[in-house]
Amino acid sequence: MSDSSWTRVPRVPSAPSATPTTSTSAPAGAASSAAPAPSAPPPLAERDAAPGLLRSLEPLLRGWLPRQRWFAGKGLPISGFRLASATELMPPGGRLGPLGLVHVLVDVEQPGRPADCYQLLLGAHPLLPSALVRTALGPAVGGPYDGLTLYDAPHDPRLAALLLERLQLPGRTGRLRFTTEPHADFPPGLTPRVSTAEQSNTSVVYGDAYILKLFRRVSPGTNPDLELSLALARAGSRRVAEPVAWFESLEPGPGPAAEEPTTLGVLQRFLPGSSDGWALALASVAEDGDFRAEAAALGRATAEVHASLAAALPARALGGEALERIASGMARRLDETAAEVPAIRPYADALRAAFDDLAKLGAVTLPGHAVTAQRIHGDLHLGQALRGPGGEWVLIDFEGEPARPLAERRMPAPPVQDVAGMLRSFDYAAHHSGNGPWAARHRDAYCTGYAAVSGTDPREQPVLIRAFETDKAVYEARYEARHRPAWLPIPLSALARLATALPQ
């Protein structure tokens, strides 16, 4: 750190837990925060015999977690914690002196919802440089880090560099497994910095070479951001930032009886000099400019990604029952949103007709024109597309909508779902700046580009595109009503249009 000012973070007062934790814990130590850190303690696996890690973390996490952008349980009280795993990557007293790094998976319990598992990478040090004080959880009292200040490690360049170093070495550390692609090349001197763009995760950029996405809320199974990016890269697609390394948590247990690994982080090629599609579109809208060539190129890139995913991973035709299930889920989400957002109730019946038409589609689809389901991006919008210095488009963030369960995000779906998401994004860009006519021109250009590569024009699938665009706009209305009420008129205007747009 270039900052030579060091600060002792005030101790967080202990508070009784609303619900007893399920881990074994010893009484918290009474050491003063001014006490010196123990020198060269044994590894955490050995120190687990003296329990207390979760007990020392609990009062810190109660105050710190709700302040994080990526914490999904805002507005609800925390009723308890369960320590899922703790793996020490660098013990205090090691080669970094008093500085330590521990990886933690902790289940957070809140009333009215299933427990969520969060990934934490925690630094431990007696004193923090002033530049890191804002990342502090606070001093640990008791447990293996008694007297040390714990903080969010990705913000510390020394610990971020240590994590990159570990990613270059395939193998296991405790329950963590690190994997590196054979072609990966790691130039020396890659300075780490935390990206400010992330919302549901934390990303660390290393020089101009790589970006490491650390998933914060995790579920057992392979994250589609790794699965799909890796499939595309191995198929030779240049429309993706290829992964070069990743790490996972392995559940204890032998062979196939153990659960599928939980993806924790993915290191991918960084794209210096690129611009995201949302910023480019807003600039065009503000000038009433012509973005149609870029929109068409983005449509072609989307179709190329869909073709590569269909070739690399299983796809299937959807019969009538499958389409009915999809339509039923859309109708359920509409009813739930109408109960929460009164402004959409006047349109509800007409919007439900779009889902009824989708349910009937399986019975009238002609042979050779069945609706196909395949792996797709799952949350495609202008902010998930980067245009490089040469004008080429690359799609990023293949994890799907983070609010949906992982198993649902990994299911095949009609490619038109991605198209609908991008069409909604063009609409957002236009209405965000009060230039509605811009949207229609650029939605058309995107569909034209998509059709040029795929051979299928989304505009010639009116039942499908209307149903999926309606479902997306319903989701947007619920999101905006909860988080950005001033933006609610944008999806409401789309729902008013879709309520009167009968398919041809």
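**Notes on helix packing and salt bridges**

1. Helices α7 and α12 are roughly parallel to each other, because the angle between them is about 30 degrees, and angles under 35 degrees count as roughly parallel. Keep in mind as you look that this is a predicted model. Helix α7 covers residues 320-340 and helix α12 covers residues 462-483, and their axes sit 10 Å apart. As for handedness, α7 passes α12 in a left-handed crossing.

2. Which residues of α7 and α12 meet? On the α7 side, look for I326, M330, R333, L334, E336, T337 and E340. On the α12 side, they meet A467, F468, D471, V474, R478 and R482. Sort the residues of this contact by type and you get six nonpolar, one polar and six charged.

3. Now try a second helix pair, α5 (residues 277-286) with α10. Their axes come within 9 Å and cross at roughly 45 degrees, and α5 and α10 are therefore oblique to each other. This crossing is right-handed. From α5, the contact uses W278, A281, L282 and V285, while α10 brings S425, Y428, A429, A430 and H432. By type, the residues of the α5 and α10 contact are seven nonpolar, two polar and no charged.

4. On to charges. Side chains of opposite charge can pair when their charged atoms come close. How many salt bridges does a search of the whole structure find? The count is 42. There is also a network of salt bridges to trace, linking R333, D379, E401, R404, E408, D471 and K472. You have already met R333 and D471, which are among the residues in the contact of α7 with α12.

5. Next, find D225 and K213, which form a salt bridge whose closest N and O atoms are 2.7 Å apart. D225 lies in helix α4 (residues 224-234) and K213 in strand β12 (residues 210-215), so this pair ties together parts that are twelve residues apart in sequence. Are these two residues buried or exposed? D225 counts as buried, at 0% relative accessibility, and K213 is buried too, with a relative accessible area of 4%.

6. Helix α4 has another residue to check, E227, which forms a salt bridge with R410; the closest N and O atoms are 3.2 Å apart. This pair links distant parts of the chain, 183 residues apart: E227 is in helix α4, and R410 is in the loop between α9 (406-409) and α10 (416-432). E227 counts as buried because its relative accessibility is 19% and the cut-off for buried is under 20%. R410, at 22%, is partly exposed.

7. One more pair: R239 and E304 form a salt bridge with their closest N and O atoms 2.9 Å apart. R239 is in the loop between α4 and β14 (243-249), whereas E304 belongs to helix α6 (residues 292-312), and the two are 65 residues apart. R239 counts as buried at 17% relative accessibility, while E304 is partly exposed at 30%.

8. Finally, stay in helix α6 and look at A301. A301 is buried, with a relative accessible area of 1%. What does A301 touch, once you leave out residues up to four places away in sequence? It touches R239 and W393. A301 and W393 are 92 residues apart in sequence, yet their C-alpha atoms are 6.4 Å apart in space.

Definitions and conventions
Residues numbered from 1 in each chain as written. Predicted model: local features only at pLDDT ≥ 70, side-chain atom pairs only at ≥ 80, totals over all residues. Heavy atoms only, no water. Axes fitted to C-alpha atoms, helices over the stretch in contact; angles between N-to-C directions. Helix = DSSP H or I, 4+ residues; strand = E, 2+ residues; numbered from the N terminus. Parallel < 35°, antiparallel > 145°, perpendicular 65-115°, else oblique. Left-handed = near helix turned anticlockwise from the far one by under 90°. Contact = heavy atoms within 4.5 Å. Nonpolar A, V, L, I, M, F, W, Y, C, P; charged D, E, K, R; others polar. Salt bridge = Lys/Arg side-chain N within 4 Å of Asp/Glu carboxyl O. Buried < 20%, exposed > 50% of the residue type's maximum accessible area, 1.4 Å probe, protein only.
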